[in-house]
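Student: I'd like to learn how to read a structure, one feature at a time. Can we start with a single side chain and work outwards?
Tutor: Sure, let's put it on the screen.

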Amino acid sequence: MLKRTLSACEQFLAGDHTVLRELLHPRKQAVRLGYSVAHGTLGPGRRSKWHILQSSEVYYFIAGQGRFTIDGDTCPVEAGSLIYVPPGGKQSLENTGTTDVEFLCLVDPAWRVEDEAVLE
């Protein structure tokens with residue numbers, strides 16, 4: 001059995017300028033998975049940098065409100081929203097609220113630095 005808690009995961013600033021804590025990654029824990037899971041936040045009035053991943057991503061929003069843009073298509077997000085980003089999708093998240101946007105992000109295959117391009 002593997003149990004991880006958010007508070008035990010190191011916080012870092014990702015290349016897209018969201019604050020992440022990597023909860024589960026097959027290269028860092030003894031798990032047989034093809035995907036990774038991270039918890040992220042983005043402060044009020046902030047926008048993540050435009051970026052592209054070679055992997056697919058699924059974002060599940062826990063708190064806050066914002067706008068998510070993929071390849072020029074924008075939609076509002078709030079707690080309970082789920083967004084699928086296809087491999088190669090040019091994406092950015094904007095926080096339009098007064099509190100942090102909080103989300104979980106599943107990346108498949110598991111996130112690797114060489115699979116991400118930050119565009120700004």
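Student: Which side chain does His39 join through a polar contact?
Tutor: For a polar contact, look for a pair of N or O atoms within 3.5 Å. In this predicted model, the side chain of His39 pairs with that of Glu102, at 2.7 Å.

Student: Is His39 buried or exposed?
Tutor: Here you check the relative accessible area, and under 20% means buried. His39 has 8%, so it counts as buried.

Student: Where along the chain does His39 lie?
Tutor: His39 is part of strand E3, which covers residues 36–42.

Student: And which residues is His39 in contact with, leaving aside neighbours within four places in sequence?
Tutor: Go through the list by position in the sequence. Leu6 comes up, then Val19, Leu20, Arg21 and Leu23. Ile62 is there too, and Glu102, Phe103 and Leu104 complete the set. Glu102 is also the partner in that polar contact with His39.

Student: Let's try another residue. Is Leu13 buried or exposed?
Tutor: Over 50% relative accessible area means exposed. Leu13 has 54%, and that is why we call it exposed. You'll find Leu13 in strand E1, residues 11–13.

Student: What does Leu13 touch, not counting residues up to four places away in sequence?
Tutor: Leu13 touches Thr18 and Val19. Val19 also appears among the contacts of His39.

Student: How far is Leu13 from Ser56, going by C-alpha atoms?
Tutor: Those two C-alpha atoms are separated by 21 Å, and along the chain the residues are 43 apart.

Student: Now the whole chain. How many helices and strands are there?
Tutor: Zero helices and eleven strands. Reading from the N terminus, you meet one β element after another.

Student: What does the radius of gyration tell me?
Tutor: You compare it with the value for a compact globule of that length. With 120 residues, such a globule would come near 14 Å, and the protein chain has 14 Å, so the two agree. The C-alpha atoms fill a box of roughly 40 × 30 × 25 Å along the principal axes.

Student: What share of the residues is buried?
Tutor: Buried residues make up 38% of the 120. As for the accessible surface, it comes to about 6800 Å², with 53% belonging to carbon and sulfur atoms.

Student: And how many charged side chains are positive and negative?
Tutor: There are 12 positive and 15 negative ones, and the centres of the two sets lie 6 Å apart.

Methods:
Residues are numbered from 1 along each chain as its sequence is written. This is a predicted model: local features need pLDDT of at least 70, side-chain atom pairs count only at pLDDT 80 or more; totals for chains, interfaces and linings use all residues. Side-chain values use heavy atoms; hydrogens and water are left out. Helices (H or I, at least four residues) and strands (E, at least two) are DSSP runs, numbered from the N terminus. The radius of gyration is taken over C-alpha atoms; the globule rule is 2.2 Å times the number of residues to the power 0.38. Buried means under 20% relative accessible area, exposed over 50%, partly exposed in between (1.4 Å probe, protein chains only). Accessible areas come from the Shrake-Rupley method with a 1.4 Å probe; for residues, only the protein chains shown count as cover. Lys and Arg count as positive and Asp and Glu as negative; His and the chain ends are not counted. The place of a charge is taken as NZ of Lys, CZ of Arg, CG of Asp or CD of Glu. A polar contact is a pair of N or O atoms within 3.5 Å; within protein, one must be able to donate a hydrogen and the other to accept it, and residues adjacent in sequence count only if both atoms are side-chain atoms. Contact means heavy atoms within 4.5 Å.
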